[in-house]
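User: Hey, I've got a protein model open and I'm a bit lost. Can you walk me through it?

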Amino acid sequence: MTSPVYIATKRSGYAHPKCYLSHTKGCSEKISGEHYISEALLNVIEKQNRTIDVTGFTWLPKEQLSSISKANLKAKILCTNHNCALSPLDSAVADFVAAIGSIDIEQQKQVPLCLAYSVDGTSIERWLIKVVYGLVVSGQIKQKTGQPFLVKEKCMSLLCSPHARWPVGWGLYLPKRPGHVYHSSSFELIPQYNPDNGLLLCLDLKFNGIVMHFVMGKPDTKESFGIHRPAELRFVKGDTSCKISFSWAARKAGEAVTLRHVGTYSGRAPGLDLPRAP
Ligand SMILES: [Zn+2]
């Protein structure tokens, strides 16, 4: 489990004009090249796939997969102080995705071990807010009209303080019955927003094929996104099971979500079987 991550414990008094956390006045004078999808997560994906295939960015051909270097997924949007202060969130998500990958490899064995991991769920949620700011501030994702997205003000305090109070209904949800999951070393993010004002409301996510929703608002019906902040993600194969336990700042956790291993699959997962860009 990771320790709480605070933003800039020492106030330098300086606000770097290019840093999106400049209002905290804790900036260094040097701007960093920040991976808006964390380098630590990209490293896990690259290690498992030997390549980084991406789609969906504004500067790439539509409906095609492009193999690119991690260096192409950087933008100058954080000073070195703030990049460093947020880096434990990157490690938390990389550990989470690596745990899913290790369980998947283990459960391909005839007699798998029962692996157990612990993940700080609140760090994953705050990492998702960091990704939102990175993608929006650098202009990597936009509304269908080409206009920039707006991020709710509350997101900034949730990113900056591990003890900020989360509004009711906000946070990570996992579908109660996840359906058919094709484990693949991948990360998918589809923003949902209000077309009237461009406000981001939800991220539809897949971590290694596992569907989740990150909700930045109070859902109309509590059940529509699934289990709010589950206590565990269980991976069952025959009589054995592995698990990832989540801890949440709000202390309350929802019921466990169970995935059952039904076989192995060596092709590209549906949705990732796009043609390659020339
Ligand atoms: Zn800064």
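Analyst: Sure, we'll go through the metal site and then the sheet, keeping in mind that this is a predicted model.

User: Cool. Which residues coordinate the zinc ion?

Analyst: Cys19, Cys27 and Cys79 do it through their SG atoms, and His82 uses ND1, at 2.0 to 2.4 Å.

User: Why is the arrangement called tetrahedral?

Analyst: The angles between the four donor atoms around the zinc ion are 100 to 117 degrees, which makes it tetrahedral.

User: And how are the donor residues spaced in sequence?

Analyst: The pattern is C-x7-C-x51-C-x2-H. Cys19 and His82 link distant parts of the chain, 63 residues apart: Cys19 lies in the segment before β1 (31-35), while His82 is in helix α2 (residues 80-106).

User: Are Cys19 and His82 buried or exposed?

Analyst: Both Cys19 and His82 are buried.

User: New topic: what's the strand order in the open sheet?

Analyst: Its five strands go β7-β8-β9-β6-β10, with antiparallel pairing. At the edges you'll find β7 (187-193) and β10 (227-228), each with a single partner strand, so each has one side without a neighbour in the sheet.

User: How many bridges join β7 to β8?

Analyst: Seven, and β8 covers residues 200-207. In that pair, Leu189 sits opposite Leu205 of β8.

User: Which helices pack on the sheet?

Analyst: One is α2, which touches β8 and β9 (210-215) and makes about 40 degrees with the direction of β8. Helix α3 (residues 121-137) also packs there, touching β6 (171-174), β7, β8 and β9, and its direction makes about 110 degrees with that of β8.

Methods
Residues numbered from 1 in each chain as written. Predicted model: local features only at pLDDT ≥ 70, side-chain atom pairs only at ≥ 80, totals over all residues. Heavy atoms only, no water. Donors = N, O, S within 2.8 Å, 3.2 Å for Na, K, Ca; no water. Tetrahedral: all angles 85-135°; square planar, octahedral: opposite > 155°, others 65-115°. Helix = DSSP H or I, 4+ residues; strand = E, 2+ residues; numbered from the N terminus. Buried < 20%, exposed > 50% of the residue type's maximum accessible area, 1.4 Å probe, protein only. Pairing = 2+ DSSP bridges. Contact = heavy atoms within 4.5 Å. Axes fitted to C-alpha atoms, helices over the stretch in contact; angles between N-to-C directions.
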